[in-house]
Amino acid sequence: MDRVPLEQKVLSENDRVAAELRARFQEHGILCLNLISSPGSGKTSLLERTLEALPRHDRVAVLTGDIQTENDANRLKRFHFPVKQITTGGTCHLDARMIVRHLADWKLEDLDLLLIENVGNLVCPSSYDLGEAAKVVVLSVTEGEDKPLKYPSIFFKSDLLVLSKIDLLPYVPFDIEAAAVNARKVHPGMEIVKVSCLTGNGLQEWMTWLEERRKARKPLAQETTQETMS
Amino acid sequence: MEGRASSPVQPGGTPGAPLANWGNMHEMAIATSVLEAVKTEMDLHPGTYPCKVGLRIGEMAAIDQDALRFCFEAIVHETDLESLALGIEVCPRRHRCQGCGREFVVRDYDSRCPQCASLETTCISGDELELAYLEVEEYGPSTVGAKSTQ
C-alpha cells in the first residue's frame, strides 16, 4: 500500500477560475461584491435601494442568482443598469464558471462596480469563491439572532454584516445587540450596518461603506496604469 | 458541475469519464470534485487501484460530514471505485495571537488568547476543504482477475 500526498483544494478548479476573475476585476479597477443570505432576507430589496441611490451614469452592473425565474432581474432592470439573471436550475449556489459565462458579453472596461446576488442560502455559497473582493452577508431581524452561531462559515468569511428589516424591530423578539455580539464572536471586528429598505433608515451607512470600498479599489487600478506607463 | 451531461455514472466508468450532474446539492458537488481528483491522480499510478482518499475539512468549512459520505457512496456505487474509502480529518479553528504569538484552538467561538488574554488574534486555519492523500494498492494476480469482471 502506498500513500500519495495530494495536497490540493477540493474545489481547486473553481478557485482557479475565481482567481482569473479576480485578476480581471483588479485589472479593470472593478469592485466585485458577493451578497449572501437566507432566502427572503432582503438582498434584492437592498440592491433595489442601492441602484436607486446611484447616479444614472454610474458604471454598475448586477448579476442575480436564483434556482428558477427571472423575477429578480426584472425587479432590478427598472433602474437602467445592466442586470442579468443567473438561473441555476437547482444548484444551491453560484460558482465561478457561471460568473464567467454571464459576464461574457459585458465590457469590463465599462464597469467600476459588480454586485452579485447569490442564491438564497447561508451554507453552500460560502464554499464557492466568485472572484469577489468581499462577501457581504445579509441577516434580517425576522430571523434568529443566533444565526451567526448556527451558520458560522458565512459570517466568518464575510467582511460586512447587513442587518436588514430594522423597521420590524418593534414587532419581533430580535435582540439586535446579541446578533452583533454573536457575529463578532464568529468574526472578531466584523463591520455591521443596520438598514431598513422600507423606511430608508441606515441605507446611508451602507452606501458609505460601498463608496469607501470603491474608492479603496480605484487608486490600485490607477497605480497599476502608472506603473505600466512609466 | 453545472452544464455537464446528466446521465448517471456508468458502472465501471473509466478514469476521466465525465461524472453525473449531481452537483445541485452542495456536498454532492464536493463529492464529485473529490472523485474527479482521484481519477486524475490515478492516471499517474498505472498498475494500481485506489483504496482510500483522505480529506481535511475545517470546522468552519460548512460541510456536513454525513451528507458528504452519503453522496460519496452514492456516486461510487456500482462503479469500479466502489471499494474506495473516504477518510475525513476534521481541523479545528486555530488562531494566532498578534501580541504574544501563541497559537491556540478556538472553542465555543472564544478567540481570546489563552496566554495574554488579547482579543487581537487572527485565524490561521479551520476553513480547509482539501485533498490530503490517496492510498493506492498494486494489482496482484488475484485482484487483476477480479477487476476485469467488473
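Q: Which residues of β3(A) are buried on one side, and which on the other?
A: In this predicted model, one face of β3(A) carries Val60(A), Val62(A), Thr64(A) and Asp66(A), and the other carries Ala61(A), Leu63(A) and Gly65(A); every one of these is buried, so both faces count as covered, burial being 20 or more other C-beta atoms within 10 Å of a residue's own. Counted over the strand, residues 60-66, that is seven buried residues of seven.

Q: Which strand is joined to β3(A) by five bridges, with Ala61(A) opposite one of its residues?
A: One such strand is β5(A), residues 113-117, which runs parallel to β3(A). A bridge can be followed residue by residue: Ala61(A) stands opposite Leu114(A) in β5(A).

Q: In what sense do β3(A) and β4(A) pair, parallel or antiparallel?
A: The sense is parallel, with five bridges between β3(A) and β4(A), residues 83-87. Gly65(A) of β3(A) has Ile86(A) of β4(A) opposite.

Q: Which helix makes a β-α-β unit with β3(A) and β4(A), and what is the hand of the unit?
A: The helix is α3(A), residues 71-77, and the unit it makes with β3(A) and β4(A) is right-handed.

Q: How is β7(A) placed, and how many of its residues are buried?
A: β7(A), residues 160-164, is mostly covered, with four of five residues buried. With β6(A), residues 134-140, it pairs in the parallel sense over five bridges, and Val136(A) has Leu160(A) as its bridge partner there. β7(A) also pairs with β8(A), residues 191-194, again in the parallel sense, over four bridges. Here Val162(A) is partnered by Val193(A) of β8(A).

Q: Which helix belongs to the β-α-β unit of β7(A) and β8(A)?
A: Helix α7(A), residues 176-186, completes that unit, which is right-handed.

Q: How many residues of chain B are in contact with chain A, and which elements of chain B give two or more of them?
A: The contact involves 30 residues of chain B and 29 of chain A. On the chain B side, the elements giving two or more residues are α1 (26-42), β1 (48-58) and β6 (129-138). β6(B) gives the most, nine residues. By class, this side of chain B has 18 nonpolar, six polar and six charged residues.

Q: Which strand of chain A pairs with β6(B), and in what sense?
A: β1(A), residues 2-9, pairs with β6(B) in the antiparallel sense over six bridges. To find the pairing in the structure, look at Val4(A), which stands opposite Leu134(B) in β6(B).

Note on methods. Residues numbered from 1 in each chain as written. Chains lettered and ligands numbered in written order. Predicted model: local features only at pLDDT ≥ 70, side-chain atom pairs only at ≥ 80, totals over all residues. Buried ≥ 20, exposed ≤ 12 C-beta atoms within 10 Å, placed from the backbone. Pairing = 2+ DSSP bridges. Right-handed = clockwise from strand over helix to strand, strands pointing away. Contact = placed C-beta atoms within 7 Å. Nonpolar A, V, L, I, M, F, W, Y, C, P; charged D, E, K, R; others polar.
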